[in-house]
Amino acid sequence: MHGTPKYTDDGKYCFINGNNLSQKNIIFSDKTKRVDESEFKKYKKELSNRTILISINGTIGNIAFYNDENVVLGKSACYVNLNKNTSKDFIYFILNK
């Protein structure tokens with residue numbers, strides 16, 4: 001499901017897009033929108049420490065590793081879950097060529 005969730009000022013889940021991804025990290029700022037748990041449950045994806053996030057619209061090609069952050073992905077961020085035999089650093093290298 002891709003759409004726009006209802007934002008809240010006190011939500012504990014950050015709504016991120018491609019512009020939040022940079023040099024293997026998810027970047028949060030004061031402008032990062034937040035959602036509550038009910039919106040998180042509607043929009044959540046199966047992310048793990050084997051997930052790479054990639055910007056696919058607007059700011060194309062930014063890449064980050066998911067590290068158990070409380071996030072909901074916007075339309076300009078996609079994810080790839082790697083199998084246990086695939087190196088995240090190798091995929092990062094290939095995607096940056």
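Colleague: In this predicted model, is Asp-68 buried or exposed?

Modeller: A residue is called exposed when its relative accessible area is over 50%. Asp-68 has a relative accessibility of 61%, and therefore counts as exposed. The residue belongs to the loop that runs between strand 6 and strand 7 (71–73).

Colleague: What is the phi of Asp-68?

Modeller: Most residues other than glycine have a negative phi. In Asp-68, phi is near 65°, a positive value in a residue that is not glycine. Lys-24 also departs from the general pattern, with a positive phi of about 75° although it is not a glycine.

Colleague: Where does Lys-24 lie, and how is its accessibility to be read?

Modeller: Lys-24 is found in the loop between strand 2 (21–22) and strand 3 (25–26). Its relative accessibility is 29%, so Lys-24 counts as partly exposed.

Colleague: Over which ring does the charged end of Lys-24 sit?

Modeller: The charged end of Lys-24 sits over the ring of Tyr-92, 5.0 Å from the ring centre. A further case is Lys-88, whose charged end sits over the ring of Phe-65 at 4.7 Å from the centre.

Colleague: How many aromatic pairs are counted, and which pair is stacked?

Modeller: Two rings count as a pair if their centres lie within 6.5 Å, and planes under 30 degrees apart make the pair stacked. The count comes to 3 aromatic pairs. Among them, Tyr-13 and Phe-40 are stacked, with 4.1 Å from centre to centre and 10° between the planes. Tyr-13 lies in strand 1 (residues 13–16) and Phe-40 in helix 1 (residues 37–43), so this pair ties together parts that are 27 residues apart in sequence. Tyr-13 is buried, at a relative accessible area of 7%, and Phe-40 is buried as well, at 18%.

Colleague: Why is the pair of Phe-65 and Tyr-92 called edge-to-face?

Modeller: Planes over 60 degrees apart count as edge-to-face. The planes of Phe-65 and Tyr-92 stand at 70°, with the ring centres 5.9 Å apart, so the pair is edge-to-face. Phe-65 lies in strand 6 (residues 63–65) and Tyr-92 in helix 2 (residues 88–95), so the pair ties together parts that are 27 residues apart in sequence. Phe-65 counts as buried at 9% relative accessibility, and Tyr-92 counts as buried at 17%.

Colleague: In what order do the strands stand in the sheet that contains strand 6?

Modeller: Strands of a sheet pair through backbone hydrogen bonds, either parallel or antiparallel. Here, 3 strands form an open sheet in the order 6-5-8, and the pairing is antiparallel. The edge strands are strand 6 and strand 8 (77–81), each of which pairs on one side only. Neighbouring strands of this sheet are turned by 25° against each other on average, direction ignored. Strand 6 pairs with strand 5 (residues 51–55) over 3 bridges, and within strand 6 Phe-65 stands opposite Ile-52.

Colleague: Which strands stand at the edges of the sheet with the order 4-1-7?

Modeller: This open sheet of 3 strands has mixed pairing. Strand 4 (33–35) and strand 7 stand at its edges, each with a single partner strand, so one side of each is left without a neighbour in the sheet. Its neighbouring strands are turned by 40° against each other on average, direction ignored. Strand 1 and strand 4 run antiparallel and are joined by 3 bridges. Tyr-13, which belongs to the stacked pair, has Val-35 in strand 4 as its bridge partner.

Technical notes:
Residues are numbered from 1 along each chain as its sequence is written. This is a predicted model: local features need pLDDT of at least 70, side-chain atom pairs count only at pLDDT 80 or more; totals for chains, interfaces and linings use all residues. Side-chain values use heavy atoms; hydrogens and water are left out. Rings of Phe, Tyr and Trp (its six-membered ring) pair if their centres lie within 6.5 Å; planes under 30 degrees apart count as stacked, over 60 as edge-to-face and the rest as tilted. Helices (H or I, at least four residues) and strands (E, at least two) are DSSP runs, numbered from the N terminus. Buried means under 20% relative accessible area, exposed over 50%, partly exposed in between (1.4 Å probe, protein chains only). A charge sits over a ring if NZ of Lys or CZ of Arg is within 6 Å of the ring centre and within 35 degrees of the ring normal. Two strands pair if DSSP finds at least two bridges between them. Axes are lines fitted to C-alpha atoms, for helices over the stretch in contact, and angles run from 0 to 180 degrees between N-to-C directions.
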